[in-house]
Amino acid sequence: MAHNLAPTVNCSLDDIDLTALKDPAGIFELIEVVGNGTYGQVYKGRHTKTGQLAAIKVMDVTEDEEEEIKLEINVLKKYSNHRNIATYYGAFIKKSAPGKDDQLWLVMEYCGAGSVTDLVKSTKGQSLKEEWIAYICREILRGLSYLHSNKVIHRDIKGQNVLLTDNAEVKLVDFGVSAQLDRTIGRRNTFIGTPYWMAPEVIACDENPDATYDNRSDLWSLGKIK
């Protein structure tokens, strides 16, 4: 895809100046809503010059969510070169009228076959074939293994966040609540994610400030996908 936003590997949260990002006008255009992410709606979009499709998450840039937005950009910049993580194309800022929040456009690889949740619903109550389940789980585990080896917990593994391309490639998406583990401690104690898919040790953090968890919580969530 022709654009000028090559991923940067070494980048901290403070290195990203959201106000300095380019305006998406004339570069990408929105086509239709295809889903919802942690902090915004996801659109099917198109690169205006090449016609290549892209997934574009549109988020209001508020002070409360600015850190999470920067975190997601950083995770995608650093780790989306893996075959099981949706490729990052770039980030843009669409300026809004005075008094309204600006919008961040987070542009990623478009996965045209939908989510694992969509796939399960399409079976109309029937079970997926065992070989399909094995294949999808293997590909998710490859993506998680890569993230975990880099001290990253996804923290919101669920059917809606595992997408399929038209070539049946499996891609992890939505890193809005992911976490970088401290390289010496290696545990977190924040109650965050989607409750149905949360591991017990993550839920425990809601009531016990001393409770902690690590990347194994992602594996629990994987086991809940159905």
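Q: Why is Arg142 called partly exposed?
A: Its relative accessible area is 34%. Buried means under 20%, exposed over 50%, partly exposed in between (1.4 Å probe, protein chains only). Arg142 at 34% falls in between, so the label is partly exposed. This is a predicted model: local features need pLDDT of at least 70, side-chain atom pairs count only at pLDDT 80 or more, and totals for chains, interfaces and linings use all residues. Residues are numbered from 1 along each chain as its sequence is written, and side-chain values use heavy atoms, without hydrogens or water.

Q: What makes Glu139 and Arg142 a salt bridge?
A: Their N to O distance is 2.9 Å. The rule asks for a side-chain nitrogen of Lys or Arg within 4 Å of a carboxyl oxygen of Asp or Glu. The pair therefore qualifies. Both residues lie in helix H3, three residues apart, about one turn of the helix. Helices here are DSSP runs of H or I with at least four residues; strands are E runs of at least two, and both are numbered from the N terminus.

Q: Which residues are linked with Glu139 in a network of salt bridges?
A: Arg83, Arg138 and Arg142 join Glu139 in that network. In the bridge from Glu139 to Arg138, the closest N and O atoms are 3.0 Å apart. Arg138 has 40% relative accessibility, so it counts as partly exposed.

Q: Why does Glu139 count as buried?
A: Its relative accessibility is 1%. That is under the 20% limit, so Glu139 is buried. Other buried residues of H3 include Ile136, Ile140 and Leu147.

Q: How do you know that the span of helix H3 agrees with what is expected?
A: H3 covers residues 130-149, 20 residues in all. The expected span is 1.5 Å times one less than the number of residues. That gives 28 Å, and the end C-alpha atoms are 28 Å apart, so the two agree.

Q: What do the buried residues of H3 pack against?
A: Their partners include helices H1 (66-79), H2 (116-122) and H5 (216-224). Strands E6, E7 and E8 also take part.

Q: How do you know that Asp218 has no salt bridge?
A: The nearest side chain of opposite charge, Arg155, is 7.4 Å away. Lys and Arg count as positive, Asp and Glu as negative; His and the chain ends are not counted. The 7.4 Å gap fails the 4 Å test, so no bridge is assigned. Asp218 is nonetheless buried, and its place is in helix H5. Beyond its neighbours within four places in sequence, its contacts (heavy atoms within 4.5 Å) include Leu144, His148 and Arg155.

Q: What makes Arg46 and Glu29 a salt bridge?
A: Their closest N and O atoms are 2.9 Å apart. Arg46 lies in strand E2 and Glu29 in strand E1, so the pair ties together parts 17 residues apart in sequence. Glu29 is partly exposed because its relative accessible area is 32%. Arg46, at 33%, counts as partly exposed too. A search of the whole structure finds 10 salt bridges.

Q: Why does Ile27 count as partly exposed?
A: Its relative accessibility is 22%, so it is not under 20% and not over 50%. Ile27 sits in the segment before strand E1. Among its contacts outside the sequence neighbourhood are Arg46 and Phe92.

Q: Which residues touch the most other members of the largest nonpolar core?
A: They are Leu18, Ile73, Leu104, Leu106, Ile140, Leu147 and Leu172, out of 31 residues. H1 supplies the largest share of this core, six residues.

Notes
A nonpolar core is a set of buried Ala, Val, Leu, Ile, Met, Phe, Trp, Tyr and Cys residues joined through side-chain atoms within 4.5 Å.
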